[in-house]
Amino acid sequence: MKGFTSPLWPIRYKPLQDELLSSWLVRLAHGHGLKVQTFCNLIFGNRLQVWNRDIDRLGPDWLVNELSVRTGTPLEIAYGTTLRAYEGLLYPQFKLSGVLQWILTLKMYHRKREGFGLQYCPQCLREGPEPYFRKSWRVAFNTVCVKHQCMLRDRCPNCGAGVAFHRRDIGHSDVAVSDSLAGCHHCGFDLAESVAESIISYDGQASNWHAELCQELMRGNSVKPVIDLDLISVIRQLAMLLTSSYSTLRLHAHVCDQLEVPEMQLTAGRVATETRHLHERHHLIQLIAWLMADLEPRLRTAWHAKAVRYNHLGKDFEGAPEWYLNLVKGFSDWRRDDLIQ
Ligand SMILES: [Zn+2]
Ligand SMILES: [Zn+2]
């Protein structure tokens, strides 16, 4: 920062547990008594636009390196605040654009966020010395807070706006930099005061399976959680099968029937799981978790009921793990014909 000869900033907050890059950056700006835009202009100039892109996903070197050097944070920890840290864990390889498996999209439109790609737990926001936003809240299957046993939320309960805490003091001259990050950027409602809803569960075993999956995001350190990419890719394939519009694929109806839950009307068309709203994703992950809790027999029942065909199971599934391919081999269509005869 101008006026300081040391590379270190006067305020050198480190990222908090599982904190997102954008949250860390806004806290640093406010810590210096500056509004987000002023702080970024001062450090990066007007040339490098910070807020018109998904910086948590992109994790640009110039930004991460700067924060690392200026706050004395090890580079690995600084990178751990970006969604790139999930490379090889939630998706095979990082890419700049297009859908990244299991990473929620923000649908950026200039500085506005039109989507609902950042979730939060009201109780987590209430904890600790100050509210901040977690990296795991950008993960599409993470629809619950295991710690507080409640549903996450993906919008302001007061006005329905998506979460965009960095916009809180952009264009609001009356908002002080000391104001909490949990204030809704649109109406000012304190998101930490949102009512925590209890977890919607279709089946105890499935909910436990799902809770463990979400828990994996928090295991180890936040830089490299322990997640099995093979398993993560299989559940993504199941999400595809549950939302496919092929007329011969009726897995969604079948699983809802097995669980005796109403068949939710999902957003039609080719909609990626990562752009679906929270209630749709939670519904889908419940069905997936139920299948995964006892995969072979449950898929077999679906296959016998002709709710899914062999050629669907491996369709467009690049890098399918060996165990999954072996499992679905048992459902090749000639075997069914064999059984019927
Ligand atoms: Zn929580
Ligand atoms: Zn609001």
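**Note on helix packing and the nonpolar core**

1. Leu-25, Val-26, Leu-28, Ala-29 and His-30 of helix α1 come into contact with Val-36, Phe-39 and Cys-40 of helix α2. Sorted by character, the residues of this contact are seven nonpolar, one polar and no charged. As with everything that follows, this description rests on a predicted model.

2. The geometry of this pair can be stated as follows. Helix α1 covers residues 21–31 and helix α2 covers residues 36–44, and the two pack at an angle of about 95 degrees with their axes 9 Å apart. Since angles of 65 to 115 degrees count as roughly perpendicular, α1 and α2 are therefore roughly perpendicular to each other.

3. How much of α1 is buried? Of its 11 residues, 10 are buried, so α1 is largely enclosed by the rest of the structure. The buried residues are Leu-21, Ser-22, Ser-23, Trp-24, Leu-25, Val-26, Arg-27, Leu-28, Ala-29 and His-30, a list in which Ser-22, Ser-23 and Arg-27 appear alongside residues such as Leu-21 and Trp-24. The cover over these buried residues includes α2, together with α3 (55–58), α4 (61–71) and α5 (75–79). Just after α1, the backbone at Gly-33 adopts a positive phi of about 75 degrees.

4. A second helix pair is formed by α8, which spans residues 229–243, and α10; these pack at an angle of about 120 degrees, and their axes lie 10 Å apart. That angle makes α8 oblique to α10, and the crossing of the two helices is right-handed. On the α8 side the contact is made by Leu-231, Val-234, Ile-235, Leu-238, Ala-239, Leu-242 and Thr-243, while α10 supplies Leu-284, Ile-285, Leu-287, Ile-288, Leu-291 and Met-292. By character, the residues of this contact divide into 12 nonpolar, one polar and no charged.

5. Which residues touch the most other members of the largest nonpolar core? In this core of 92 residues they are Leu-90, Phe-141 and Ile-235. Among the elements that contribute, helix α10 (residues 278–292) gives the most, with eight residues. Ile-235 also belongs to the contact between α8 and α10.

6. The surroundings of Leu-90 can be given in detail. When neighbours within four places in sequence are set aside, Leu-90 is in contact with Gln-101, Trp-102, Ile-103, Val-139, Phe-141, Leu-217, Ile-227, Leu-229 and Ile-232. Phe-141, one of these partners, is itself named with Leu-90 and Ile-235 as touching the most other members of the core.

Conventions:
Residues are numbered from 1 along each chain as its sequence is written. Chains are lettered from A and ligands numbered from 1 in the order in which they are written. This is a predicted model: local features need pLDDT of at least 70, side-chain atom pairs count only at pLDDT 80 or more; totals for chains, interfaces and linings use all residues. Side-chain values use heavy atoms; hydrogens and water are left out. A nonpolar core is a set of buried Ala, Val, Leu, Ile, Met, Phe, Trp, Tyr and Cys residues joined through side-chain atoms within 4.5 Å. Buried means under 20% relative accessible area, exposed over 50%, partly exposed in between (1.4 Å probe, protein chains only). Helices (H or I, at least four residues) and strands (E, at least two) are DSSP runs, numbered from the N terminus. Contact means heavy atoms within 4.5 Å. Axes are lines fitted to C-alpha atoms, for helices over the stretch in contact, and angles run from 0 to 180 degrees between N-to-C directions. Angles under 35 degrees count as roughly parallel, over 145 as roughly antiparallel, 65 to 115 as roughly perpendicular and the rest as oblique. Ala, Val, Leu, Ile, Met, Phe, Trp, Tyr, Cys and Pro count as nonpolar, Asp, Glu, Lys and Arg as charged, and the others, Gly among them, as polar. A crossing is left-handed if the near helix is turned anticlockwise from the far one by less than a right angle, and right-handed if clockwise.
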